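Reader: I'm new to reading protein models, and I keep tripping over the labels. Can we go through some of them together?

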Amino acid sequence: MHQYFIDGKVPSGLIAHPGGEHIVFPLGCIIVIQELGSGKQNFLHGHSNSVSCLCCSRSGYLLASGQLTRMGFKADIILWKFSEQKIHFRLSLHKVKVQSIAFSPNELYLVSLGGQDDGSVVVWDVEHGEAVCGCEASACIAGQALTLCYSNHNDDTFIVGGMSGNLCVWELDRNNRKIHPTNCKLGQLKRSICCLEVEKTDEYFYCGTSSGDVLCVNLKTHHLISCNPSKKKFSQGVTALQLLPDGELCIGAGDGTLVVCHPLKMKRQHLCRTIMMEGSVQSVVMCNKGKRLMVGTAAGYMYQVELPNLEFKLFSSCHGNPVNDIAFPGATRELFGTCSLGSVRVWYLASGREVLRITIPNMTCHALTFAPDGHFIATAWDDGKIRLFLPESGRLSLVVHDAHGMGVTAIAITADCQRIVSGGGEGQVRVWTLLRNQATLAHAMKQHKSTVSSIRLAASKNEGVSASTDGSCIIWDLEILGICEIVFHQFSCSVAFHHPSGSDLERYVCKQMVMSNTLFKCVCYNREEFHIITSGTDRKIGFWEVHDGSLIRELKASDNGVINGMAMNPSGSHFATGGDDRIIRVWAYNEGKVTHIGEGHGGAVAQVCISPDGEHLISVSTDGAIFHWRFPFPGMG
């Protein structure tokens, strides 16, 4: 399995391992360990829900991760042995969410902070995997605790910060197994603390605030030393801090600004070095012995920043919003495309690198498909338009205005590349004829009464099937209405349409309709194209005869999640499904049994797609993740 995504919304979720050869970051309910040189990835499985926090011990021997869970359930903390990549201890006390975690400098203790529904801070014995003590993190102060940080030299001192002036220094009493908080004296300032960083001598520490300034507090006296900048603050708050070896402070802001300056010179911002990145900066870590920074943003981007001149380049990228659809171009497996809010992207399968990005701001692309001849990419948008793009440059080549009144929700292209079949939110299926850089409406089918969720075309005949949330799947006759004759003259050409005969007027009609008590979300043909397979909100997989619409077989696909995506492998022996339960299942077509299960997505799986050679499976989810799996049954058939 390979992935193309960093969950940038996890605060301080990007970690550079002290060994200098790996970076670690969360992805849904798994943890990714990636080699910096080769890009090879390993995955740690153990959490039942999305990872909410992550930290590494100073030696790099241990890794700790906390998770989010459902209301009323306990959220686990897992201690991992990094070298073995195995679970060392599983710690369970917090409810619903683990907000933040940190190791003591000598790796004797792990401190964990619960989320809003828990509100407790707990000290754990790392050697035995047991809780030493704990208490309410907000017992003496008003706001919710959001983040914590250990001192650099003392195993008995750590700091907790949060909302509405919540800033305390905690001392551990080992003999009595208690922890005691001391409120920091901030005077008249009321700040919400987003991130913490302790100076290397433990003399003072820095606090990044949602107000856009940085507080400097004496760790021993707990008094406020300074609050900078006083005038031009960092836009959208300070979201990440990192002290550099030369004493400078690296500051990440919510608007994507990354600033490096000496803490005493923040008032004179013309002395600060600044660069802009895409998305809110959530993680800043040092690599290569302090000569390089790795920066993670909430938009799913990872950057390499060279010090001290702040030259930066994009290390990896992905969608920062739910991914809606996937498609492979023609018969090649080298590339695939995805679509999301505001963008369509094409990826190189082998490396996971983004090779093309098409941006349409503030619009959501619901579906995409590649023309079989590779000449264009057809995309379906929520503004009711169909947009065609050139696959090499990403240039817009054609727009079909008002293609559907309530947004275009599904799209497909015929094998001859002369027609586009689209589905809309109002329930219509429309056929568009492409001719000389124009698209004309050939026919509109109005049998569906609700959103068309999926369209699949048969490869061996002029036929297609559409699935709708009204509980129906319709098989359409897509024979061409007329004959297009192109007459060439010496210096020009003309196009003429012959009127079809009376029998041809009966084309573009419903051949069969299947009904079920569900909202159909996906449909596909089997390899021979005499069956269709459907699934939806009833969590069942239905096998239907194409010629008479009869139900052949019905399978239970999931216990607790809607099935959103389905794909058949080229040989027709197996198919894959994914849905709201975040699990990828591979099914044997003839036996109707699950052969393989893939877990890792942190959000609902929106779509799955199998490569044309049958060797790879791509799945996308609502948390913006793209997973690349090796399909267990390769072959073209």
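Reader: Which residues touch the most other members of the largest nonpolar core?

Author: This is a predicted model, by the way. The largest nonpolar core has 26 residues, and Leu14, Ile23, Ile30, Met294, Met302 and Leu617 touch the most other members. At least two residues of this core come from each of β3 (22-27), β4 (30-35), β26 (281-287), β52 (583-588), β54 (605-610) and β56 (626-630). Another core lies apart from it, with 18 residues, among them Val123, Cys133, Ala137 and Leu172.

Reader: What makes Cys133 count as buried?

Author: Buried means under 20% relative accessible area. Cys133 comes in at 9%, so the label fits.

Reader: And how do you know that Cys133 is in no disulfide?

Author: Check the sulfurs. A disulfide needs two cysteine sulfur atoms within 2.5 Å. The nearest cysteine sulfur to that of Cys133 belongs to Cys135, 7.6 Å away, so there is no disulfide here. Cys149 goes the same way: its nearest cysteine sulfur, that of Cys207, is 9.4 Å away, so Cys149 is in no disulfide either. Cys149 is also buried, because its relative accessible area is 14% and the cut-off is 20%. A search of the whole structure finds zero disulfides.

Reader: What is a disulfide, chemically?

Author: A covalent bond between the sulfur atoms of two cysteines.

Reader: Why is strand β10 called largely enclosed?

Author: Just count: six of the six residues in β10 (residues 98-103) are buried, so the rest of the structure largely encloses this strand.

Reader: What makes β10 and β11 a pair?

Author: Bridges. Pairing takes at least two of them, and β10 and β11 (residues 109-114) have five, so they pass; the sense is antiparallel. One example is Val98, whose bridge partner in β11 is Gly114. The hairpin of β10 and β11 has five residues between the strands, and Glu107 there takes a positive phi near 65 degrees.

Reader: How do you know that β6 is largely enclosed?

Author: By counting again: strand β6 (residues 51-56) has six of its six residues buried, so the rest of the structure largely encloses β6. β6 pairs with β7 (residues 62-67) over five bridges in the antiparallel sense, and Leu54 stands opposite Ser65 in β7. These two strands form a hairpin with five residues between them, where Gly60 in the turn has a positive phi of about 85 degrees.

Reader: Why is Arg58 called partly exposed?

Author: Partly exposed runs between the 20% limit for buried and the 50% limit for exposed. Arg58 has a relative accessible area of 48%, so it falls in that range. You'll find Arg58 in the loop between β6 and β7. Its C-alpha atom is separated by 35 Å from that of Leu349, 291 residues apart along the chain.

Reader: How many cavities of 30 Å³ or more does the search find?

Author: One, from a search of the whole structure. The largest cavity has a volume of about 50 Å³. Its lining includes Ser516, Phe520, Asp538, Trp544 and Glu554. β47 (531-536) and β48 (540-545) are the elements that give two or more residues to this lining, and β48 gives the most, with four.

Reader: What classes of residue make up that lining?

Author: Three nonpolar, six polar and three charged residues line the largest cavity.

How values were computed. Residues numbered from 1 in each chain as written. Predicted model: local features only at pLDDT ≥ 70, side-chain atom pairs only at ≥ 80, totals over all residues. Heavy atoms only, no water. 1 Å grid on protein atoms, 1.4 Å probe; cavity = no way out; pocket = protein on both sides within 12 Å on 5 of 7 lines; lining within 4 Å. Points joined across faces, edges and corners; volume = space filled by probe spheres on them. Nonpolar A, V, L, I, M, F, W, Y, C, P; charged D, E, K, R; others polar. Core = buried A, V, L, I, M, F, W, Y, C linked by side-chain atoms within 4.5 Å. Buried < 20%, exposed > 50% of the residue type's maximum accessible area, 1.4 Å probe, protein only.
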